[in-house]
Amino acid sequence: QVQLVESGGGLVQPGGSLRLSCAASGSIFKIYNMAWYRQAPEEQRELVGIISDSITDYADSVKGRFTISRDNAKNTVYLQMNSLKPEDTARYYCNAYIATMQEHGMDYWGKGTLVTVSS
């Protein structure tokens, strides 16, 4: 069984910064892609950023403001969010494609962490 646990969300003023973390644990053989998604109320879930080895990609709305990184030794992915805007308010979900001792590979999701950008 694999678990993804996010942390680091909270309330921040516009222009501020937050750093989200997501740690994977369990019977992990290999972690392939790791990503952050977000979902605002009444909206569909959208990809924010994705990292595979050292290759990264971002949604246009966050390019230049957000940075995704990972620590393979800790099975952890991070999302550094700078210059936050009210429209960044959402629940942020961690996603990872992981191979375990029993499965060749499948998607896993965390339960999410809430980010609120407001003055």
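**Burial, and Asp88**

I count a residue as buried when its relative accessible area is under 20%, as exposed when over 50%, and as partly exposed in between. The model I am reading is predicted.

I looked up Asp88 with that cut-off in hand. Its relative accessible area is 0%, and because buried means under 20%, Asp88 is buried. I placed Asp88 in the loop between β8 and β9. Next I listed its contacts, leaving out residues up to four places away in sequence. Asp88 touches Arg38, Arg65, Phe66, Ser83, Val115 and Val117. Two arginines are on that list, Arg38 and Arg65, and I followed them into the salt bridges.

**Salt bridges**

How many salt bridges does the count come to? I get 4.

I took Asp88 and Arg38 to begin with. Their side chains meet in a salt bridge at 2.9 Å, N to O. Asp88 lies in the loop between β8 (76-81) and β9, while Arg38 lies in strand β4 (residues 28-39), so this pair ties together parts that are 50 residues apart in sequence. Arg38 is buried as well, with a relative accessible area of 5%.

Arg38 has another partner. The side chain of Glu46 meets Arg38 in a salt bridge at 2.7 Å, N to O. Is Glu46 buried or exposed? Neither label fits: Glu46 is partly exposed, with a relative accessible area of 33%. I note that this pair joins a partly exposed Glu46 to a buried Arg38.

I then checked how these pairs connect. Arg38, Glu46, Arg65 and Asp88 are linked in a network of salt bridges.

I also logged Asp60 with Lys63. Their side chains meet in a salt bridge at 3.2 Å, N to O. Asp60 counts as exposed, at 65% relative accessibility. Lys63 is partly exposed, with a relative accessible area of 45%.

A general reminder for this page: side chains of opposite charge can pair when their charged atoms come close.

**The open sheet**

In what order do the 4 strands of the open sheet stand? I read β1-β3-β8-β7, with antiparallel pairing. β1 (2-7) and β7 (66-71) stand at the edges, and each has a single partner strand, so one side of each is left without a neighbour in the sheet. On average, neighbouring strands here are turned by 15° against each other, direction ignored.

I looked at the β1 edge in detail. β1 pairs with strand β3 (residues 18-26) in the antiparallel sense over 6 bridges. Val2 stands opposite Gly26 in β3.

**Gly10 and strand β11**

I moved on to Gly10, which sits in strand β2 (residues 10-12). Gly10 counts as partly exposed, at 24% relative accessibility. Its C-alpha atom is separated by 6.1 Å from that of Thr116, 106 residues apart along the chain. Leaving out residues up to four places away in sequence, Gly10 touches Leu18, Leu114, Val115 and Thr116.

Which way do β2 and β11 run? They run parallel, and 3 bridges join them. Gly10 stands opposite Val115 in β11.

β11 also pairs with β9, this time in the antiparallel sense, over 3 bridges. Ala90 has Val115 in β11 as its bridge partner. I therefore find Val115 in bridges to both Gly10 and Ala90, given that strands pair through DSSP bridges.

I went along strand β11 (residues 113-117) for its side chains, which alternate. Thr113, Val115 and Val117 point to one face and are buried. Leu114 and Thr116 point to the other face and are not buried. Val115 and Val117 had already turned up among the contacts of Asp88.

**A surface patch**

My last stop was Tyr97, in strand β9 (residues 90-100). Tyr97 counts as partly exposed, at 35% relative accessibility. Which residues make the nonpolar surface patch with Tyr97? They are Tyr32 and Met106, and the patch covers about 260 Å².

**Wrap-up**

I keep two items from this session. One is the salt-bridge network of Arg38, Glu46, Arg65 and Asp88. The other is β11, which is joined to β2 in parallel and pairs with β9 in the antiparallel sense.

Methods: Residues are numbered from 1 along each chain as its sequence is written. This is a predicted model: local features need pLDDT of at least 70, side-chain atom pairs count only at pLDDT 80 or more; totals for chains, interfaces and linings use all residues. Side-chain values use heavy atoms; hydrogens and water are left out. Patches are made of residues with over 30% relative accessible area and no salt bridge: like charges are joined within 9 Å, nonpolar side chains (Val, Leu, Ile, Met, Phe, Trp, Tyr) within 5 Å. Accessible areas come from the Shrake-Rupley method with a 1.4 Å probe; for residues, only the protein chains shown count as cover. Helices (H or I, at least four residues) and strands (E, at least two) are DSSP runs, numbered from the N terminus. Buried means under 20% relative accessible area, exposed over 50%, partly exposed in between (1.4 Å probe, protein chains only). Two strands pair if DSSP finds at least two bridges between them. Axes are lines fitted to C-alpha atoms, for helices over the stretch in contact, and angles run from 0 to 180 degrees between N-to-C directions. Contact means heavy atoms within 4.5 Å.
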